[in-house]
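Trainee: Could you pick one contact and go through it with me slowly? After that, I'd like to see how its surroundings fit in.

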Amino acid sequence: MGYYEENKRPESMERITTKEQAEAFIEEQVSAIREQVGDGKVLLALSGGVDSSVCAALLIRAIGDQLVCVHVNHGLLRKGEPEQVIQVFRNELGANLIYVDAVDRFLDKLEGVDDPEEKRHIIGAEFIDVFAEEAAKLDGIEYLGQGTIYPDILESKDGIKAHHNVGGMPEEFDFELVEPVKLLYKDEVRVVGTALGLPESMVQRQPFPGPGLGVRCPGAITRDRLEAVRESDAILREEFAKAGLAGKVWQYFTVVPDFKSTGITDGKRTFDWPCIIRAINTTDVVEVSVEHLDPALMDRLAERITGEVAGINRVLYDFTPKPPATVEYE
């Protein structure tokens with residue numbers, strides 16, 4: 001029997017939409033985790049995304065410090081994300097959390113690489129290497145926790161995407177899998193996360209690509225251009241929150257491409273990058289529509305980004321739906 005058949009969601013399973021349903025699911029999974037793990041130790045790669053965060057919170061509820069979380073900062077995260085992971089999981093939930101600052105390691109490997117697929121491969125391979133090195137330092141690990149969710153299983157089964165956390169793991173990880181949210185859809189994972197007490201900013205976090213800001217820095221990644229992406233993205237998220245759009249627009253982000261144009265700052269000529277804003281809505285990600293922003297908001301974004309982010313001298317807005325465009329630029 002294959003992985004999909006073993007983990008097929010029962011047709012009779014009701015969608016989790018209420019706090020009461022989420023609490024019943026949590027109670028059920030806590031019991032199942034304790035039965036599976038016993039006195040064993042579980043290792044989890046905690047990215048700070050919705051799925052891994054909810055998985056971690058469930059495991060903490062079930063087995064406490066038998067869970068070891070590893071958070072790898074590869075330098076491609078959004079502003080404030082590593083700090084939030086540490087605050088929520090180590091300081092508030094009391095997790096056994098290992099923080100790995102691997103920023104220089106990743107960015108040195110990516111230096112001069114402009115091919116999108118090669119960048120993705122480097123980021124993915126390096127992450128596995130870092131995680132494996134941390135795992136090798138630990139004794140008594142028998143289980144690997146993963147935030148696999150049901151769409152991951154469906155997409156892998158149908159050949160739409162290859163998911164690293166579906167149906168296997170790198171050969172060096174000889175662990176038994178613990179996947180407490182594998183039968184849930186994304187909206188259900190968010191409901192469970194809220195019931196577990198995770199902050200809304202984490203539970204409602206918008207989709208974020210595996211390679212992080214690396215795909216929003218097209219071309220060869222440089223530290224200064226990457227920082228321009230991070231800072232402009234933070235301004236965009238702040239202004240969307242002020243405008244009441246944070247929970248209404250499906251995804252929004254900035255891109256800083258690898259070309260420059262002339263501009264004027266403080267009466268002097270500049271030759272700097274543009275910043276492209278993308279804000280989109282979708283129900284299935286197959287087709288994507290563009291959010292049309294209020295002109296006053298667009299003016300404020302242009303003023304703040306060009307005024308506060310080093311290296312940016314103009315702001316552009318991407319009006320292209322999918323198709324013909326895709327969500328990301330790489």
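**A close look at one helix pair**

Mentor: Sure, let's start with who touches whom. From α5, the residues Arg-105, Phe-106, Lys-109 and Leu-110 meet a set in α6: Lys-119, Ile-122, Ile-123, Glu-126, Phe-127, Asp-129, Val-130 and Glu-133. Keep in mind that this is a predicted model. Sort the residues of that contact by character and you get 6 nonpolar, 6 charged and no polar ones.

Now for the geometry. When two helices pack, people describe the pair by the angle between the axes and the distance between them. For α5 and α6 the angle is about 150 degrees, and the axes lie 10 Å apart. Anything over 145 degrees counts as roughly antiparallel, so α5 is roughly antiparallel to α6. Their crossing is right-handed.

It helps to set another pair beside this one. Helix α2 (residues 19-37) packs on helix α8 (residues 186-195) at about 80 degrees, with the axes 9 Å apart. That falls in the 65 to 115 band, so α2 is roughly perpendicular to α8. Here Ala-22, Glu-23, Phe-25 and Ile-26 of α2 meet Val-191, Val-192 and Ala-195 of α8. This contact has 6 nonpolar residues, 1 charged residue and no polar ones.

Next, where do α5 and α6 sit in the bigger picture? In soluble globular proteins, nonpolar side chains tend to be buried together. In this model the largest nonpolar core has 46 residues, and Leu-43, Phe-240, Leu-301 and Ile-312 touch the most other members. Both α5 (103-110) and α6 (116-136) are among the elements that give two or more residues to this core, along with β2 (67-73), β4 (141-145), α10 (223-242), β8 (268-281), α11 (295-308) and β10 (312-317). Helix α10 gives the largest share, 6 residues. Another core of 39 residues lies apart from this one, and Phe-25, Ile-60, Ile-63 and Ile-86 are among its members. You've met Phe-25 already, as one of the α2 residues that meet α8.

Phe-240 deserves a second glance. Leaving out residues up to four places away in sequence, Phe-240 touches Leu-245, Ala-246, Val-249, Tyr-252, Ala-279, Leu-293, Leu-297 and Leu-301. Leu-301, like Phe-240, is one of those core members with the most contacts to other members.

Let's go back to Lys-119, one of the α6 residues in our contact. Lys-119 is also touched by Pro-218, whose other contacts beyond four places in sequence are Arg-225, Val-255, Val-256, Pro-257, Asp-258, Tyr-329 and Glu-330. Pro-218 lies in the loop between α9 (200-203) and α10. With a relative accessible area of 15%, below the 20% cut-off, Pro-218 counts as buried. Pro-218 and Asp-258 are 40 residues apart along the chain, yet their C-alpha atoms are separated by 6.2 Å.

Another loop residue makes a nice contrast: Asp-266, found between β7 (261-265) and β8. Its relative accessible area is 77%, over the 50% mark, so Asp-266 is exposed. Its phi is near 55 degrees, a positive value in a residue other than glycine.

Last stop, the segment after β10, where you'll find Pro-323 and Pro-324. The peptide bond from Lys-322 to Pro-323 is cis, with omega near -15 degrees. Pro-323 and Pro-324 are joined by a cis bond too, with omega about 10 degrees.

Note on methods
Residues numbered from 1 in each chain as written. Predicted model: local features only at pLDDT ≥ 70, side-chain atom pairs only at ≥ 80, totals over all residues. Heavy atoms only, no water. Core = buried A, V, L, I, M, F, W, Y, C linked by side-chain atoms within 4.5 Å. Buried < 20%, exposed > 50% of the residue type's maximum accessible area, 1.4 Å probe, protein only. Helix = DSSP H or I, 4+ residues; strand = E, 2+ residues; numbered from the N terminus. Contact = heavy atoms within 4.5 Å. Axes fitted to C-alpha atoms, helices over the stretch in contact; angles between N-to-C directions. Parallel < 35°, antiparallel > 145°, perpendicular 65-115°, else oblique. Left-handed = near helix turned anticlockwise from the far one by under 90°. Nonpolar A, V, L, I, M, F, W, Y, C, P; charged D, E, K, R; others polar.
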